[in-house]
Structures are given as C-alpha cells and as structure tokens.
Amino acid sequence: MNNQSLIDYVISEDSDLIPYGCNACLYKLKTFMTIGDESDEAYQNCRGTAILLRKQDLTAVTSTSFNLYGFTDVMITCMCIASGCDYAKSLKGIGLVSANSAVREAFETKKSPMSPLEILFGILFHKCHGKVNDDEKGSYTVSFIEALICFRHPVVFDGSACVFSNINSPDEQLMEFAPYAEIVNSHNIGHSNKRLESIVGELYPKELCSYVVQGVIDPKTWEIRNKNDDNPQRVQDCLQEWIHGKDIESGN
C-alpha cells in the first residue's frame, strides 16, 4: 500500500522495512498524551516525535567509507542481508561498511561471466575473518538466498483485489544466479509453489484470505473466533474445505 501511494508511511519499530523496499517509514515513534485519557479530543490533540526514513533519501548518503549513491532496491537489500538480519547471520567481520563496498563491487563489475550474487559471495568469503569451509559456504548461500526471497517477494495482502500475493517481479540481475532462479521465476510468483511457499508463506484462497485479514480466523491456530456467536456457518465451511484440500495434497 505504501509503495502504491495508498498510504503516506508505515509506523514501525522494525528497520527491516528498508530491505523490504518500503518507500517511507516512521521509526521510533514516541507519542505524548495524558495517561488514562482515551477521549476523542485527547487523540486529536496527541503529539509525538519520530524518525522519518524515506527510501528516496537513502542514496544521498555518502561518506568516504559508506556510500549508497546509485544503489538500487536490490543492492540495498543485499547489503542489509550481508551485514546481518533476522533471516541470515552475517559472516565474521562483515558489518555494514564492508557489506556496502562488497555489494557495490559485485553489482558494478562489468563484463563478468559470473552473476552479481556469485561475485558477492566470493567477495564476502574473502573479506570475512577466519576460514570458511565448503559446507559453511553452502549453508550461508542458502540462508542468504532465502532471506533475499523473503525481502523481495513476501506474501502481502492486496486490498484492491482482496487476495494474498507476492510483491515484486523476479529481479533480472538476481535471476542470473541459478539457485535463486530455480525458486523465483515468472511461473512461481503469484502461483502455488511449495519451495517458494516454504520460505515466504502460503497464498490462501481468496475467501479464506478475507476471513484471516478481518480477524475472523486466527492464522496461527486456525481457530474461528466467536464461532458460537456472530460468525456465519460459511466461515467454518470455508476453513474445513481448505483443510480438506491440504489433507488431499499431503496424502492424508
């Protein structure tokens, strides 16, 4: 919604919104209002402070050791992952500054037979502290690719169509790296794919999606809230149909 200009910004304490590609984020919001006063007037007069992070401003960040000039969304995401994130730990000795220079070198290398991601992994393994064996390299590559897919193609709710969908089309430069391309391609994005779903989550049927978004169905426990009160029988039928379909898929 933010990237489609349907809302001005997202309020969050999570800086991960930057590698997700969010256009504008209000970070570390602090509000000031009278404790215990929940009147409409109190909320209308509420004041606060926050740090506004805008994606368009990031590329203006320049210094002798850290420079985002010319960085694309993909490059910013790769830099954040390389320096360490919730989905992938960084290699020893790789922080934001070294990740920044590594990503720039990898993505701005011209006329190389290798993909930018292959070049990036080579640079990171060379720059990190200590030796990295082949098993560790393989494990790191997998976690990096899965983190990249989580940030670039998460499942989100499309309010205009009232469905869950994956955002962003496959990235041309990233598609040059086979392990990424095997999971993310034009046939998999927006369609049922077990490998992709195991990383970013499942695309629920439209009707089930609407019940989850409205809070009628708990997506963690799959319990129906207030099922004996005001929810229609159709909610229960919809959930059971989906569960039955999953059982058939798994052979149970």
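Colleague: What makes the lining of the second largest pocket a matter for domain 1 (2-59) and domain 2 (62-202)?

Modeller: In this predicted model, the lining of the second largest pocket takes at least three residues from domain 1 (2-59) and at least three from domain 2 (62-202). Its volume is about 280 Å³, and among the 16 lining residues, Ile18, Phe66, Met79, Cys80 and Leu96 are the closest to the centre. Helix H3 (residues 73-82) makes the greatest contribution to this lining, namely 3 residues.

Colleague: How do the residues of that lining divide into nonpolar, polar and charged?

Modeller: In the lining of the second largest pocket, 12 residues are nonpolar, 3 are polar and 1 is charged.

Colleague: Why can one say where the largest pocket lies with respect to domain 1 (2-59) and domain 2 (62-202)?

Modeller: Both domain 1 (2-59) and domain 2 (62-202) contribute residues to its lining, and therefore the largest pocket lies between them. The space in this pocket comes to about 530 Å³, and of the 20 residues that line it, Met1, Asn2, Asn3, Val156 and Ile167 lie nearest its centre. Strands E4 and E5 each provide at least two lining residues, with E4 giving the largest share, 3 residues. Sorted by class, the lining has 11 nonpolar, 8 polar and 1 charged residues.

Colleague: What makes E4 and E5 a pair, and in which sense do they run?

Modeller: Two strands pair if at least two bridges are found between them. Strand E4 (residues 155-158) and E5 have 4 bridges, in the antiparallel sense, and within this pair Phe157 stands opposite Phe164 of E5. The hairpin that they form has 4 residues between the strands, and Cys162 there takes a positive phi near 60 degrees.

Colleague: Which side chains of strand E5 (residues 163-166) are buried?

Modeller: The side chains alternate along E5, with Phe164 and Asn166 pointing to one face, where they are buried, whereas Val163 and Ser165 point to the other face and are not buried. The word buried requires a relative accessible area under 20%.

Colleague: Why does Lys28 count as it does on the accessibility scale?

Modeller: The relative accessibility of Lys28 is 46%, and as this lies between the limits of 20% and 50%, Lys28 counts as partly exposed. Lys28 belongs to strand E2 (residues 24-32), and it has a positive phi, near 55 degrees, without being a glycine. Most residues other than glycine have a negative phi.

Colleague: Why is Lys111 placed in its accessibility class?

Modeller: With 87% relative accessibility, against a limit of over 50%, Lys111 counts as exposed. Lys111 sits in the loop between helix H4 (96-108) and H5, and its phi is positive, about 55 degrees, although Lys111 is not a glycine.

Colleague: What makes a space a cavity, as opposed to a pocket, and how many cavities of 30 Å³ or more are found?

Modeller: In a cavity a 1.4 Å probe fits but cannot get out, whereas a pocket is open. The search of the whole structure finds 1 cavity of 30 Å³ or more, and the largest cavity has a volume of about 70 Å³. Its lining is made of Leu17, Ile18, Cys22, Cys25, Leu53, Arg54, Lys55 and Leu58, with at least two residues each from strand E3 (47-54) and helix H2 (55-58). By class, 6 of these residues are nonpolar and 2 are charged, with no polar residue.

Colleague: Where is the confidence lowest, and where is it highest?

Modeller: Helix H10 (residues 233-250) has the lowest confidence, with a mean of 71, and helix H5 (residues 116-127) the highest, at 96. The protein averages a pLDDT of 83, and 90% of the residues score at least 70.

Notes:
Residues are numbered from 1 along each chain as its sequence is written. This is a predicted model: local features need pLDDT of at least 70, side-chain atom pairs count only at pLDDT 80 or more; totals for chains, interfaces and linings use all residues. Side-chain values use heavy atoms; hydrogens and water are left out. Buried means under 20% relative accessible area, exposed over 50%, partly exposed in between (1.4 Å probe, protein chains only). On a 1 Å grid over the protein atoms alone, a cavity is a set of points where a 1.4 Å probe fits but cannot get out, and a pocket is an open set with protein on both sides within 12 Å along at least five of seven lines; lining residues have an atom within 4 Å of a point. Grid points are joined across faces, edges and corners, and a volume is the space filled by probe spheres set on the points. Ala, Val, Leu, Ile, Met, Phe, Trp, Tyr, Cys and Pro count as nonpolar, Asp, Glu, Lys and Arg as charged, and the others, Gly among them, as polar. Domain bounds come from an automatic or database domain assignment. pLDDT is the predictor's confidence in each residue, from 0 to 100.
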